[in-house]
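Work through the exercises below with the structure open beside you. Try each task on your own before you read its solution.

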Amino acid sequence: MLTPAVIDRTVAAALEEDAPWGDLTSEALIPENAVARADLVARERGVFSGGEVFAAAFRLTDPTIDVQLVVEDGEWFEPGAVLAVVTGGARGVLTAERIGLNFVQRMSGIATLTGTYVAEVAHTGARIVDTRKTTPGLRAFERKAVRDGGGRNHRHSLSDAVMAKDNHLAVLAQKGVSPTAALLAAKDLLPHTTHIEVEVDRLDQIEPVLAAGIGTIMLDNFSIDELRAGVAQVAGRATVEASGGVSLETVRAIAETGVDVISVGALTHSARALDLGLDVRIDAP
């Protein structure tokens, strides 16, 4: 989903927001012919993500600025590592600095947190996936970062798959419609390629859902014992996803219950920006 067009459109909007009428400070203080070299340096360990986005901030500010990426998206790095080298007109480098950093720090923070979760469950068959709890307008960026960290993506939008959650089931119950009947009717209306997932919050809801032949069942806010019982009850008839109450402290135990997928909203809504810095040197020819 993170195409060059999406990158350019979003980064251009960020640059316009940050310098709507130009960079007053750089234009007032920095000689027009000054040249800068800037190293993107890691202040802490992490996973790199957003290299092309970082480069776009400088390219869209001044097409003559050169950005050389030293590491690739998805690579772990240590403190002190140089991740990219930026060379070009000093005014443009300084103007684009903050926007380039904002994107790469945010994306690398998500990738690093994701990588930590993935490592916790590496001994199991469980996949770590994200959710739709993303920053509005930045979903494609944040989900790219999840992939760079070794995670997987859930449905990208409401248009991608059917996912009946507790509120959907509550409306059906109010109308006196059983989940099985509603899901079977939905399957008759949908293309055969459409995936269907249903969220349940009690063990007794599993069989009525499975009776409709759905593809994925989400066990929401189940205890560890309930997750084990749910996996046993599903018995391979659908993909089992665990959701709710997932943290770095709980994810290993959740994965060891035998679930196939663990969705973690914290990957995007709680990741902190990674500490990366742009060390700039200005040279006047």
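The exercises that follow concern a predicted model, and they go from the whole chain to single residues.

**Exercise 1. The chain as a whole**

Task: Describe how many helices and strands the protein chain has, and how far its C-alpha trace spans along the principal axes.

Solution: Begin by counting the elements, which gives eleven helices and twelve strands in the protein chain. Next, look at the extent of the C-alpha trace, which spans about 75 × 40 × 25 Å along its principal axes. Then turn to burial, where you will find that buried residues make up 47% of the 285 residues in the chain. Finally, consider contacts between residues at least 6 apart in sequence, of which 72% join residues that are at least 24 apart.

**Exercise 2. The annotated domains**

Task: Find which residues UniProt assigns to each of these two domains, "Quinolinate phosphoribosyl transferase N-terminal" and "Quinolinate phosphoribosyl transferase C-terminal", and describe the chain over each range.

Solution: According to an unreviewed UniProt entry, the N-terminal domain is placed at residues 23-108. Over that range the chain is 42% helix and 28% strand, and the C-alpha atoms at its ends are 26 Å apart. The C-terminal domain, again from an unreviewed entry, covers residues 110-279. Here the chain is 39% helix and 16% strand, with end C-alpha atoms 23 Å apart.

**Exercise 3. A covered helix**

Task: Determine how many residues of helix α5 are buried, and which elements help to cover them.

Solution: Locate α5 at residues 139-148, and note that eight of its ten residues are buried, so that by the cut-off of under 20% relative accessible area the helix is mostly covered. The buried residues are Ala140, Phe141, Glu142, Arg143, Lys144, Ala145, Val146 and Asp148, a list in which charged residues such as Glu142 and Lys144 appear beside nonpolar ones such as Ala140 and Phe141. Now ask what lies over them: the cover includes α1 (4-18), β2 (46-47), α3 (51-61), α4 (90-120) and α11. Follow the chain just past the end of α5, and you reach Gly150, which takes a positive phi of about 95°.

**Exercise 4. The cavity beside the helix**

Task: Find which residues line the largest cavity, and which elements give two or more of them.

Solution: The structure holds one cavity of 30 Å³ or more, and the space in the largest cavity is about 30 Å³. Its lining consists of Phe103, Arg106, Met107, Leu138, Phe141 and Glu142. The elements that give two or more residues to this lining are α4 and α5, and α4 gives the most, with three residues. By class, the lining residues divide into four nonpolar, no polar and two charged.

**Exercise 5. Two pockets**

Task: For the largest pocket and the second largest pocket, state the space inside and describe the lining.

Solution: Take the largest pocket, which holds about 350 Å³ of space. Its lining is made of 21 residues, and those nearest the centre are Thr131, Lys133, Lys165, Ser243 and Ser263. The elements that give two or more residues to this lining are β9 (216-220), β10 (239-243) and α11 (266-269), and by class the lining has five nonpolar, eight polar and eight charged residues.

The second largest pocket holds about 230 Å³ and is lined by 15 residues, with Asn153, His154, Arg155, Glu197 and Glu241 nearest its centre. At least two lining residues come from each of β6 (127-129), β7 (162-164) and β10, and the lining divides into five nonpolar, five polar and five charged residues.

**Exercise 6. The nonpolar core**

Task: Identify which residues touch the most other members of the largest nonpolar core.

Solution: In soluble globular proteins, nonpolar side chains tend to be buried together. The largest nonpolar core here has 77 residues, among which Leu40, Phe58, Ile217 and Ile262 touch the most other members. The element that gives the most to this core is α4, with eleven residues. Looking closely at Phe58, and leaving out residues up to four places away in sequence, you find that Phe58 touches Ile65, Val67, Val86, Val93, Ala96, Glu97 and Leu278.

**Exercise 7. One strand residue**

Task: Decide whether Val162 counts as buried, partly exposed or exposed, and give its contacts.

Solution: Val162 lies in strand β7. Its relative accessibility is 24%, and because buried means under 20% and exposed means over 50%, Val162 counts as partly exposed. Setting aside neighbours within four places in sequence, Val162 is in contact with Leu190, Thr194, His195, Ile196 and Glu197. Of these, Thr194 is 32 residues from Val162 in sequence, yet the two are 7.2 Å apart in space, C-alpha to C-alpha.

Notes: Residues are numbered from 1 along each chain as its sequence is written. This is a predicted model: local features need pLDDT of at least 70, side-chain atom pairs count only at pLDDT 80 or more; totals for chains, interfaces and linings use all residues. Side-chain values use heavy atoms; hydrogens and water are left out. On a 1 Å grid over the protein atoms alone, a cavity is a set of points where a 1.4 Å probe fits but cannot get out, and a pocket is an open set with protein on both sides within 12 Å along at least five of seven lines; lining residues have an atom within 4 Å of a point. Grid points are joined across faces, edges and corners, and a volume is the space filled by probe spheres set on the points. Helices (H or I, at least four residues) and strands (E, at least two) are DSSP runs, numbered from the N terminus. Buried means under 20% relative accessible area, exposed over 50%, partly exposed in between (1.4 Å probe, protein chains only). Contact means heavy atoms within 4.5 Å. A nonpolar core is a set of buried Ala, Val, Leu, Ile, Met, Phe, Trp, Tyr and Cys residues joined through side-chain atoms within 4.5 Å. UniProt positions are given in the numbering used here, feature names are shortened, and annotations may be inferred rather than shown by experiment.
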